[in-house]
Every structure is written in C-alpha cells, then in structure tokens.
Amino acid sequence: MRGIRQTIGVGLLFLVASPFLLAAIFTTGLTLAATSEDFYRSLSQKVVQRLPFLVQDAFAAARQPGAVQDPDTRAWISAMAKAQTQPVEMLKQTGIQTWLDEEVAGGIEAVGGFMSGTVDPSSVTLDLRPLKSALAGPAMRGYLDQVFQHLPACDQAGRQRWQRRLQQSGQDKALPACNPGAQAIDNRADWLAARIARIPDQSGELVQMQPFTALEFVLTIQMILWLVMLIPALFVALGAGLAAHDGRGFLRCSGTTFLAGGLFSSLLAAMAGPWFFSLMYWHPFAGNELKLFGSEAGRLLAQQLAATAGVFLQDLFAPVLLIGLLTAGLGLVLWVLSFLIKRDPAVLAS
C-alpha cells in the first residue's frame, strides 16, 4: 500500500506539480513585467532609438541584387537610393522621428502607467497631429520630389495606372514606378495631403478596458497571481505528502521539486534572448519572394532585428529569471532543512 502511495506521490510531483510550477513561474514573471511601468519606459526608449538603424538596414538589404522581385518596387528603391536625402535623414527632416520619440514613446509609457495602476485608461491616447504635419509638410513633399526625379517618365500606360491608383479603381494597388510630370506630381501631393487631413487628430483609447479603473485592474491581476502560485504549491504539498514517509521526506521531496523547477525555469528565461537571436539566422524568408536575409546587408538587418527583440525579451523575462531563482532558493532551503530534522523512530523501525 505504501509503495502505491509513493508511486502516486512521485507521479504527482513530476507529471503535475512540476509542469504547473513551471507555468506559474512564467505566468507570474511575465505578468509582473507586463504590469511594470519601468518595463514600458525601457521598451519605449530602446525600441524607438533602434528604429532608424532598422530602417537603414532594411533599405540596404532591399537594395541587394535579387532581394526584391517586383520590378516596380525595385525601381522605387533604386530611386530612393539615388535621392539626395536618404530614408533615415527623411525621418529626421520631416519630423517623423520626433513624433516617434515623443508621442509613440510617450504612448507606450502611458500604457505602462495604466498597467501599473497609475494612469486611467481613458488618458492613454496617441496624438496623430504631429505625424499628419510631418507627412503633409514641405519636407516630405521635397523628399518625394527628389525620388520622382530619379524615376523614368511615364508613358500613356503609366499615366493611366497613376490615374487608376489615385482614384482607387481597378485591382492595381502598387504605385507605378514612373514620373508623371511636375504638374501631376503636385496634383498627387495635394491628393495625398487631402487624404492625410482625414486622419483623426487623435487615436482612440489605446487601452479599451472601460469597466476597470487602473487600481481595480492591478488588484485583479494581483489576486490572480496569488491563485496561480497557490495551485502548484498545493500539488507539491499533496505529492510530497504521498511520496514521503515523514516530515524529513516531505521537506526533501518538496525542496527537490522547487529547486529543480526554479532552476529549469531560470535557465529557460536566461536563454530566451539568445535562442531568438539564433532563430534569426535560419533565414525564414530564404525561400520566399523577398530574400532579404540572403545577403550581407540582410544578415545585418537580422542582427538589428534580433538585437531589438533581445532587448525586449531580456526585460520581459527578467522577472521570470528572478522568480525562478527565488523558487530554487526556497527549494534549496527546504532541502537543507530536511537533513537537519531527525528521522521519526517509528519510521526507522518500519
């Protein structure tokens, strides 16, 4: 009978308690990161700072021979490469980069404020007016003029394609890779400015959670986390109680489970960034129409993407790593205590 009980206890520890413990550590850690204002502040700063490098590397990768198959897209990329102002400089000169630095980064931080309980969801919005000004401003029109100068003149078919594209008639959604002339360019710029003007000045609320206040949301999350951590603890206690003969064995079984689960989850959290970095070099688009990762510039783009994702993953999994180590530390304490408790004489006699 005791052997059956031990088998059931060990099965509970390995097949039920350990997976639940691993899931609880990751759920708690990721939730703590997602509800931390510091996480969003760091994310907004680091991601926005890397964006110009991503644009630069993506443009360099797209210019590589064979990277882009569509002839119109290749012609536009070639014209952009010959323009006096390069894409990264265009972001700065038009004010798009300023909008990203101030509004987008601020919006991400505001989401973090709501997740941490300090900002009400109704105030988490995104001001689009600076972006509209940047897209319709003279700097953007000047940049487009530079690009059009390096496109071949349109023939009759090209002008008809432009007309259909601007009227949004037919199935042709791509921009024709030809220069329709100065007057036509001005008309198209005015058409684009009119469409930009229809963009709302402010986005809707970025957080659609009206039933909750910020404080209610945080308190709900904290209550759920307590329940999440309680479930594996109960399974560990149940499994250790069935598998052990006495208090010493109970502590040793519990400690071993906590120690192994904590160390394994910490290892997974620590390797999250490097694993993703390695996956970027599997060239996921190698067989696709866009072979951006098959060149040196493409590999540089992959490095930038992986580094950006690595920053995100490192901050995201940092609480998981910490909770895993704390769990392992608890397990180690229980395991050591098991050696300090004397065996029950009745157990020794049996």
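Tutor: A salt bridge pairs a side-chain nitrogen of Lys or Arg with a carboxyl oxygen of Asp or Glu within 4 Å. The model discussed here is predicted, so local features require pLDDT of at least 70 and side-chain atom pairs count only at pLDDT 80 or more, whereas totals for chains, interfaces and linings use all residues. Numbering starts from 1 along each chain as its sequence is written, and side-chain values use heavy atoms, with hydrogens and water left out.

Student: How many helices does the secondary structure of the protein come to?

Tutor: Helices (H or I, at least four residues) and strands (E, at least two) are DSSP runs, numbered from the N terminus. From that terminus on, every element in the order is given as α. With zero strands assigned, the secondary structure comes to 13 helices.

Student: What percentage of the residues count as buried?

Tutor: Burial follows from relative accessible area with a 1.4 Å probe and protein chains only: under 20% is buried, over 50% exposed, and values in between partly exposed. Across the 350 residues of the protein, the buried share is 39%.

Student: Among contacts between residues at least 6 apart in sequence, what share joins residues at least 24 apart?

Tutor: A contact here means heavy atoms within 4.5 Å. Of the contacts in the protein between residues at least 6 apart in sequence, the share joining residues at least 24 apart is 82%.

Student: Is Ser 338 buried or exposed?

Tutor: Ser 338 is placed in helix H12, which spans residues 296–340. Residues up to four places away in sequence aside, Ser 338 touches Arg 248, Leu 251 and Arg 252. Because its relative accessible area is 0%, Ser 338 is buried.

Student: How far is the backbone oxygen of Trp 335 from a polar atom of the side chain of Ser 338?

Tutor: A polar contact is a pair of N or O atoms within 3.5 Å; within protein, one must be able to donate a hydrogen and the other to accept it, and residues adjacent in sequence count only if both atoms are side-chain atoms. Between the backbone oxygen of Trp 335 and a polar atom of the Ser 338 side chain, the distance is 2.4 Å.

Student: About how much accessible area does the nonpolar patch with Val 333 have?

Tutor: Patches consist of residues with over 30% relative accessible area and no salt bridge, joined within 9 Å for like charges and within 5 Å for nonpolar side chains (Val, Leu, Ile, Met, Phe, Trp, Tyr). Val 333 lies in helix H12 and is partly exposed at 48%. Together, Leu 332, Val 333, Trp 335, Val 336, Leu 337, Phe 339 and Leu 340 form a nonpolar surface patch with an accessible area (Shrake-Rupley method) of about 630 Å².

Student: Which helices hold Phe 26 and Phe 317, and are these residues buried or exposed?

Tutor: The structure holds six aromatic pairs, for which ring centres of Phe, Tyr and Trp (its six-membered ring) must lie within 6.5 Å; planes under 30 degrees apart are stacked, over 60 edge-to-face and the rest tilted. Phe 26 and Phe 317 form an edge-to-face pair, 6.1 Å centre to centre with 75 degrees between the planes. The pair links distant parts of the chain, 291 residues apart, with Phe 26 in helix H1 (residues 2–34) and Phe 317 in helix H12. Phe 26 and Phe 317 are both buried.

Student: What is the centre to centre distance of the aromatic pair of Trp 335 and Phe 339?

Tutor: Trp 335 and Phe 339 stand four residues apart in helix H12, about one turn of the helix. Trp 335 is partly exposed at 33%, as is Phe 339 at 41%. Their pair is edge-to-face, with 75 degrees between the planes and a centre to centre distance of 4.9 Å.

Student: How far apart are the N and O atoms in the salt bridge of Asp 38 and Arg 41?

Tutor: Asp 38 and Arg 41 are separated by about one helical turn because they are three residues apart in helix H2. Asp 38 counts as exposed at 53%, whereas Arg 41 is partly exposed at 30%. Their side chains meet in a salt bridge with an N to O distance of 2.7 Å.

Student: Which residue forms a salt bridge with Arg 161?

Tutor: The partner's closest O atom is 2.9 Å from the N atom of Arg 161, and that partner is Asp 72. This pair links distant parts of the chain, 89 residues apart, with Arg 161 in helix H8 (residues 156–167) and Asp 72 in helix H3 (residues 71–82). Arg 161 is partly exposed at 22%, whereas the residue buried at 17% is its partner, Asp 72.

Student: Which residues do salt bridges that share partners join into one network?

Tutor: Salt bridges sharing partners make one network of Glu 37, Asp 38 and Arg 41. Within it, the closest N and O atoms of Glu 37 and Arg 41 are 3.7 Å apart. The network is thus named by its residues, Glu 37, Asp 38 and Arg 41.

Definitions and conventions
Accessible areas come from the Shrake-Rupley method with a 1.4 Å probe; for residues, only the protein chains shown count as cover.
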